[in-house]
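Q: Could you take me through one part of this model up close, namely how the helices pack against the sheet and what goes on in the loops around it? I'd like one connected story rather than a list.

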Amino acid sequence: MKELREITAKHPWNLMTTSADEGQFLNMLLKLINAKNTMEIGVYTGYSLLATALALPDDGKIFAMDINRENYELGLPVIQKAGVAHKIDFKEGPAMPVLDELVQDEKNHGSFDFIFVDADKDNYLNYHKRLIELVKVGGLIGYDNTLWNGSVVAPPDAPLRKYVRYYRDFVLELNKALAVDPRIEICMLPVGDGITLCRRLK
């Protein structure tokens, strides 16, 4: 994990990485829920992916999607060194068409124990509409960056970086929607940049 953090720190987009405390939290959480079949949307260099892979049993699986294979391949040698690459099925490209395909086949409904989303914030709600079908009842979906640099509680005129301001409304919209979704119960944790855990109830 440390080795992958050091590789990622040299990358120009290193602010996109999952924090060390969040990686540790995900690893413990997955062990506690005995997860075996998981999904990850948004991989970057694979830090949360490695945390997940290390927590799963030897026959566990992670279906991982990202639009950039190059970033994933930066971390892949470390994942291979850890002996967990066989658990990962990586697919390059946008997640939405793949999710639509998975939802169409009923045998995929309720087949995932855990799903982690750390990708394009403007699509989080679109992902949620599909993922709620794919996660099992009692399973978890984790949405990353739900505190979004603290901007979700900042006054409207607060000085924010351009990209933070741009995505803030999408994150706020997601937070409001998850809070009233009767199919889930939620827990928002101030770990990393905020992670909201959604446990499917029905």
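A: Let's start with H6 and H7, whose axes come within 9 Å of each other and cross at roughly 30°. (Axes here are lines fitted to C-alpha atoms, for helices over the stretch in contact, and angles run from 0 to 180 degrees between N-to-C directions.) That makes H6 roughly parallel to H7; under 35 degrees counts as roughly parallel, over 145 as roughly antiparallel, 65 to 115 as roughly perpendicular, and the rest as oblique. The H and E names are DSSP runs numbered from the N terminus, with helices (H or I) of at least four residues and strands (E) of at least two.

Before going further, a quick word on ground rules. This is a predicted model, so local features need pLDDT of at least 70 and side-chain atom pairs count only at pLDDT 80 or more, while totals for chains, interfaces and linings use all residues. Residues are numbered from 1 along each chain as its sequence is written, and side-chain values use heavy atoms, with hydrogens and water left out.

Back to that helix pair. H6 brings Tyr124, Leu125 and His128 to the contact, and H7 answers with Glu173, Leu174, Ala177 and Leu178; contact means heavy atoms within 4.5 Å. Sorted by class, that contact of H6 with H7 has five nonpolar residues, one polar and one charged. In this scheme Ala, Val, Leu, Ile, Met, Phe, Trp, Tyr, Cys and Pro are nonpolar, Asp, Glu, Lys and Arg are charged, and the others, Gly among them, are polar.

H6 (residues 124-134) also packs with H5 (residues 95-104), at an angle of about 30° and with the axes 10 Å apart. H5 and H6 are therefore roughly parallel to each other as well. Their crossing is left-handed, meaning that the near helix is turned anticlockwise from the far one by less than a right angle, where clockwise would be right-handed. On the H5 side you'll find Ala95, Met96, Leu99, Asp100, Leu102 and Val103, meeting Asn126, Tyr127, Arg130, Leu131, Glu133 and Leu134 in H6. By class, the contact of H5 with H6 comes out as eight nonpolar, one polar and three charged residues.

Now for the sheet. H6 lies across E1 (37-41), E4, E5, E6 and E7, and runs at about 160° to E5. The sheet is open, with seven strands in the order E3-E2-E1-E4-E5-E7-E6 and mixed pairing; two strands pair if DSSP finds at least two bridges between them. E3 (88-92) and E6 (184-189) stand at the edges with a single partner strand each, so one side of each has no neighbour in the sheet. From one strand to the next, the twist averages 15°.

Zoom in on E5 (residues 135-144): seven of its 10 residues are buried, so this strand is largely enclosed by the rest of the structure. Buried means under 20% relative accessible area, exposed over 50%, and partly exposed in between, with a 1.4 Å probe and protein chains only. E5 is joined to E4 (residues 112-117) by five bridges, and the two run parallel; valine 117 stands opposite tyrosine 143 in E5. Over at the edge, E6 and E7 (residues 195-200) run antiparallel, joined by six bridges. There, leucine 189 has isoleucine 195 of E7 as its bridge partner.

Follow the chain out of E5 and you enter the loop that leads to H7, where asparagine 145 sits. Most residues other than glycine have a negative phi. Asparagine 145 has a positive one of about 65°, although it is not a glycine, and it is buried at 12% relative accessible area. In the same loop between E5 and H7 lies threonine 146, which counts as buried at 0% relative accessibility. Not counting residues up to four places away in sequence, threonine 146 touches Val152, Val171, Leu174, Asn175, Met188, Asp193, Gly194, Ile195 and Thr196. Alanine 158 is also placed in the loop between E5 and H7 (162-180), and it too is buried, with a relative accessible area of 12%.

For a contrast, look at asparagine 34 in the loop between H2 (20-32) and E1. Its phi is also positive, near 55°, but asparagine 34 counts as exposed at 65% relative accessibility.
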